[in-house]
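Here's a quick tour of a structure you haven't met before. Take a look at it first, and then we'll walk through it topic by topic.

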Amino acid sequence: MTASAPTPESFAQRALQDFRQGRFADAAQGFEAAQQLYAHAGDRASAAEAANNLCVALLQARRPAEALKAVEGTPEVFDGLGDARRAAQAVGNLASALEATGDLTTAERTYQQALERFTHLDDREAQATILTSLSQLQLKRGRPLEALSTMQAGLEQKPRRSLRDRWVRRLLDLPSRFFGR
């Protein structure tokens with residue numbers, strides 16, 4: 001009896017397990033194998049999805065240049081397929097990779113593009129996530145007041161706020177109350 005060749009799905013599934021267990025380098029290898037097999041089979045959507053997962057795994061493995069290379073072009077693939085949600089996610093991943101490589105100006109612009117896409121989709125949870133990332137980037141770039149405002153906007157978008165979120169929201173409101181706004 002002969003063993004069957006691994007499928008892209010089996011590579012992707014194993015990579016997801018590795019990712020969940022914190023084995024990011026192993027996850028990256030699995031997502032890369034899945035991406036190549038999907039591409040070879042002509043499954044553009046699955047190949048782009050695997051490339052986005054590869055990007056996230058590489059970012060977690062602290063390999064930002066490779067992450068950026070993996071995700072480049074995937075928003076356009078999803079746009080071409082009419083998949084607005086995954087295109088928006090890909091733009092967000094692209095922004096994260098740009099930030100990790102140190103291209104903060106382009107990363108900020110790309111986070112704004114992801115935010116616009118998620119706003120159009122009315123995905124408040126994703127908007128909150130992007131606003132949080134954008135706020136952290138603005139803080140890195142030495143713009144604390146803008147970062148504060150962006151963080152407040154992010155907390156406002158969260159449909160379900162945790163106790164921590166509510167506490168942070170109150171802290172962020174203090175400057176406004178202090179200055180009578």
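A word you'll need straight away: a residue is buried if its relative accessible area is under 20%, exposed if over 50%, and partly exposed in between, using a 1.4 Å probe and protein chains only. By that cut-off N52 is buried, because its relative accessible area is just 5%. Bear in mind that this is a predicted model, where local features need pLDDT of at least 70 and side-chain atom pairs count only at pLDDT 80 or more, while totals for chains, interfaces and linings use all residues. Numbering starts from 1 along each chain as its sequence is written, and side-chain values use heavy atoms, with hydrogens and water left out.

**The overall picture**

- The chain has ten helices and zero strands, where helices (H or I, at least four residues) and strands (E, at least two) are DSSP runs numbered from the N terminus.
- Of its 181 residues, 38% count as buried.
- About 10,800 Å² of the chain is exposed, and carbon and sulfur atoms supply 52% of that area; the areas come from the Shrake-Rupley method with a 1.4 Å probe, and for residues only the protein chains shown count as cover.
- Take the contacts (heavy atoms within 4.5 Å) between residues at least 6 apart in sequence: 47% of them join residues at least 24 apart.

**The nonpolar core**

- Which residues have the most contacts inside the largest nonpolar core? They are F31, L54, L58, A97, Y111 and I130, in a core of 28 residues.
- A nonpolar core here is a set of buried Ala, Val, Leu, Ile, Met, Phe, Trp, Tyr and Cys residues joined through side-chain atoms within 4.5 Å.
- The elements giving two or more residues to this core are α2 (24-40), α3 (44-60), α4 (64-71), α6 (84-101), α7 (104-120) and α8.
- Of these, α6 gives the most, with six residues.
- As background, nonpolar side chains in soluble globular proteins tend to be buried together.
- Leaving out residues up to four places away in sequence, A97 touches C55, L59, A67, L68 and V71.

**Two buried polar residues**

- N52 lies in helix α3, and its side chain is joined to that of N93 by a polar contact of 2.9 Å.
- A polar contact is a pair of N or O atoms within 3.5 Å; within protein, one must be able to donate a hydrogen and the other to accept it, and residues adjacent in sequence count only if both atoms are side-chain atoms.
- Not counting residues up to four places away in sequence, N52 touches V71, T74, F78, Q89, A90 and N93.
- Q138 sits in helix α8 (residues 124-140) and is buried, because its relative accessible area is 1%.
- Apart from its neighbours within four places in sequence, Q138 is in contact with E108, R143, E146, A147 and T150.

**Helices α2 and α9**

- The 17 residues of α2 should span 24 Å at 1.5 Å a residue, and its end C-alpha atoms are indeed 24 Å apart; the expected span is 1.5 Å times one less than the number of residues.
- The buried residues of α2 are A27, A28, G30, F31, A33, A34 and Y38, and they pack against α1 (8-20) and α3.
- After α2 comes G42, with a positive phi near 80 degrees.
- Helix α9 (residues 144-157) has 14 residues and should span 20 Å, which agrees with the 20 Å between its end C-alpha atoms.
- In α9 the buried residues are A147, T150, M151, Q152, G154 and L155.

**Loops and rings**

- R62, in the loop between α3 and α4, has a positive phi near 60 degrees although it isn't glycine.
- R62 is exposed, because its relative accessible area is 75%.
- D122, in the loop between α7 and α8, also isn't glycine and has a positive phi near 55 degrees.
- D122 counts as exposed, at 58% relative accessibility.
- There is one aromatic pair, made by F19 and F24: it is edge-to-face, with 5.1 Å centre to centre and 65 degrees between the planes.
- Rings of Phe, Tyr and Trp (its six-membered ring) pair if their centres lie within 6.5 Å; planes under 30 degrees apart count as stacked, over 60 as edge-to-face and the rest as tilted.
- F19 is partly exposed at 24% relative accessibility, and F24 is partly exposed at 22%.
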